Each structure stands twice: as structure tokens, then as C-alpha cells.
Amino acid sequence: MAAPLNTCTTLEQRDFVQFLWAKNMAAKDIHKEMAMYGGHCLSHQAIHNWVQNFSEGWTICRPVEIATPETLQRVEDIVLSDRRVIIDAVATAIGCSHG
């Protein structure tokens with residue numbers, strides 16, 4: 001058996017859940033495989049939720065709906081008018097978040 005991982009993020013675990021789900025593993029089997037995360041492992045319920053989301057066609061990457069030609073032109077105009085503008089100001093000006 002592999003040694004427990006001392007550091008891991010939720011994103012890394014989510015990616016691993018998606019990988020095992022793509023191999024047609026059930027949520028309970030994925031939870032067993034994730035024993036290497038030790039005390040840092042996602043709960044069985046969290047893994048079940050991720051598996052359900054993946055089964056419904058949900059992907060990790062959200063679609064980029066803000067990147068339209070008009071929005072890109074507005075951002076370019078803002079940056080060219082003031083090269084020292086901060087990201088928060090640009091996000092506020094175009095009405096989106098930058099997170």
C-alpha cells in the first residue's frame with residue numbers, strides 16, 4: 001500500500017475522483033482508493049456528490065461566457081487608456097468577477 005500523503009488539496013482530490021469516475025468506479029470504491037489521503041481525505045458524501053455531478057455532465061472547468069469580442073474590446077480599451085489600472089477596476093467596469 002502507498003504511504004499516506006501529508007499534503008493535498010481539495011482540487012487534487014477532486015481531480016483524482018474524476019479520474020477514477022472516468023474509469024467507471026463507484027463512489028464507495030473511489031472512497032476506498034482514496035485511503036492514501038489519510039485524515040485529509042474527502043468524506044464519502046463529498047465524493048458521492050462529485051461523482052453525481054460528473055455523471056450529470058458537469059465538468060471541472062466552467063464555460064467562459066464573459067470572453068465575447070465586445071468584452072475583450074472593452075477590456076483592451078480600459079487597459080490602453082490607463083496601463084496602471086488594477087484588475088478589480090477592470091472587473092467592476094465590465095461587470096464580472098475575476099476570481
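Modeller: A helix here is a DSSP run of type H or I with at least four residues, and helices are numbered from the N terminus. Threonine 71, for example, sits in helix H4, residues 69–81. Keep in mind that this model is predicted.

Colleague: How many helices and strands does the protein have?

Modeller: The count is five helices and zero strands. Read from the N terminus, the order is α-α-α-α-α.

Colleague: Back to threonine 71. Is threonine 71 buried or exposed?

Modeller: Look at the relative accessible area. Under 20% means buried, and over 50% means exposed. Threonine 71 has 13%, so this residue is buried. Setting aside neighbours within four places in sequence, threonine 71 contacts Ile66 and Ile94.

Colleague: What about glutamine 13 in helix H1: buried or exposed?

Modeller: Same test. The relative accessibility of glutamine 13 is 2%, so glutamine 13 counts as buried. Beyond neighbours up to four places away, the contacts of glutamine 13 are Cys8, Met34, Tyr37, His40, Cys41 and Leu42.

Colleague: And threonine 9: where does that residue lie?

Modeller: Threonine 9 is in the segment before helix H1, which covers 10–22. Its relative accessible area is 40%, so threonine 9 is partly exposed. Now compare sequence with space. Tyrosine 37 is 28 residues away from threonine 9 along the chain, yet their C-alpha atoms are separated by 9.9 Å.

Colleague: What share of the contacts in the protein joins residues 24 or more positions apart?

Modeller: Take the contacts with a separation of 6 or more. Of these, 43% join residues 24 or more positions apart.

Colleague: What share of the protein is buried?

Modeller: Buried residues are 19% of the 99 residues. The protein exposes about 7400 Å², and carbon and sulfur atoms supply 56% of that area.

Colleague: How do I check the length of a helix?

Modeller: Multiply 1.5 Å by one less than the number of residues. Helix H3 has 12 residues, 44–55, so the expected span is 16 Å; the end C-alpha atoms are 16 Å apart, which agrees.

Colleague: Which residues of H3 are buried?

Modeller: They are Ile47, Trp50, Val51 and Phe54. They cover an arc of only 100 degrees around the axis, so they lie on the same side of H3. Their cover includes H1 and helix H2, residues 27–33.

Colleague: How do I read a nonpolar core?

Modeller: Start with the general idea. In soluble globular proteins, nonpolar side chains tend to be buried together. Now this case. The largest nonpolar core has 13 residues, and Val17, Ile30, Met34, Ile47 and Val51 touch the most other members. H1, H2 and H3 each give two or more residues to this core. H3 gives the most, with four residues.

Colleague: Which residues does methionine 34 touch?

Modeller: Leave out residues up to four places away in sequence. Methionine 34 then touches Gln13, Phe16, Val17, Cys41 and Ile47. You have met Gln13 already: Met34 is among the contacts of glutamine 13.

Colleague: One last feature. How do I read phi?

Modeller: Check the sign. Most residues other than glycine have a negative phi. Asparagine 24 has a positive phi, near 65 degrees, and is not a glycine.

Colleague: Where is asparagine 24, and is asparagine 24 buried or exposed?

Modeller: Asparagine 24 is in the loop between H1 and H2. Its relative accessibility is 72%, so asparagine 24 counts as exposed. Glycine 57, which follows H3, also has a positive phi, near 95 degrees.

Key. Residues are numbered from 1 along each chain as its sequence is written. This is a predicted model: local features need pLDDT of at least 70, side-chain atom pairs count only at pLDDT 80 or more; totals for chains, interfaces and linings use all residues. Side-chain values use heavy atoms; hydrogens and water are left out. Buried means under 20% relative accessible area, exposed over 50%, partly exposed in between (1.4 Å probe, protein chains only). Contact means heavy atoms within 4.5 Å. Accessible areas come from the Shrake-Rupley method with a 1.4 Å probe; for residues, only the protein chains shown count as cover. The arc is that of the directions from the helix axis to the C-beta atoms. A nonpolar core is a set of buried Ala, Val, Leu, Ile, Met, Phe, Trp, Tyr and Cys residues joined through side-chain atoms within 4.5 Å.
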